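Thanks for sharing this one. Here are a few friendly notes on how some of the helices pack together.

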Amino acid sequence: MAALARSELEPGADTDTAALAPRAQAPTVLYIAGSGRSGSTLLERALGEIPGFVNVGELVDLYRRTAAHDERCGCGKAFADCTFWAAVGDRAFGGWEGERLAAVHGLQGRIARQRHMPRLLAMRLAGRDFRSDVASYGDNYASLYRAIAAESGAACVVDASKWAVQAPAPGSTCG
Ligand SMILES: [Zn+2]
């Protein structure tokens, strides 16, 4: 939820102020959509080498696999031991507590599915619960992308999650 997000731009800002922070502060996100191993790993690595870009790989796995099962990060450490992801979690959510991980994983299961693509593309026609789930999921990703950008110092976050159905959620893309 947005109210849980901290504002990195205004240290000490209370949560009400942070919740009102305009979306324009979100970093640019380059989302690589596609299916399977379509050479996107090479592409995301190449993009990650560009100054100002940070490659976070398949961010979609963060909730369903990496954090939930403490899998290895790209740096070689277990997720819980990785200083980068610990800092991102602290900044975005005040830490990676299990309840939040499970809640976001649940949202992911409810909305980020291929069969929901028509509803995601015609949100006005979707039910209130679905719209609310999508909004929460989007807020979660906005906080996550902002924290990744702040901790890495990059202006553009490369997310190679590949699930085309999820691409609309963050709401911003590289030009
Ligand atoms: Zn790491």
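The points below look at two helix pairs that share a partner.

1. A word on the source before anything else: this is a predicted model, so please read the points below as a description of that model.

2. Let's begin with α5, residues 98-111, and α7, residues 128-152. These helices pack at an angle of about 130 degrees, and their axes are 10 Å apart. Angles over 115 but not over 145 degrees fall outside the perpendicular and antiparallel classes, so α5 and α7 are oblique to each other. Their crossing is left-handed.

3. Which residues bring α5 and α7 together? From α5 come Val 104, Leu 107, Gln 108, Arg 110 and Ile 111. On the α7 side they meet Phe 130, Asp 133, Val 134, Ser 136, Tyr 137 and Asn 140. Sorted by class, this contact of α5 with α7 holds six nonpolar, three polar and two charged residues.

4. Helix α7 also packs with α4, residues 83-93. Here too the angle is about 130 degrees, with the axes 8 Å apart. The pair α4 and α7 is therefore oblique, and the crossing of α4 and α7 is right-handed.

5. The α4 side of that contact is made by Phe 84, Ala 87, Val 88, Arg 91, Ala 92 and Phe 93. Helix α7 contributes Ser 143, Leu 144, Ala 147, Ile 148, Ala 150 and Glu 151. By class, the contact of α4 with α7 has nine nonpolar residues, one polar and two charged.

How values were computed: Residues are numbered from 1 along each chain as its sequence is written. This is a predicted model: local features need pLDDT of at least 70, side-chain atom pairs count only at pLDDT 80 or more; totals for chains, interfaces and linings use all residues. Axes are lines fitted to C-alpha atoms, for helices over the stretch in contact, and angles run from 0 to 180 degrees between N-to-C directions. Helices (H or I, at least four residues) and strands (E, at least two) are DSSP runs, numbered from the N terminus. Angles under 35 degrees count as roughly parallel, over 145 as roughly antiparallel, 65 to 115 as roughly perpendicular and the rest as oblique. A crossing is left-handed if the near helix is turned anticlockwise from the far one by less than a right angle, and right-handed if clockwise. Two residues are in contact if their C-beta atoms, placed from the backbone, lie within 7 Å. Ala, Val, Leu, Ile, Met, Phe, Trp, Tyr, Cys and Pro count as nonpolar, Asp, Glu, Lys and Arg as charged, and the others, Gly among them, as polar.
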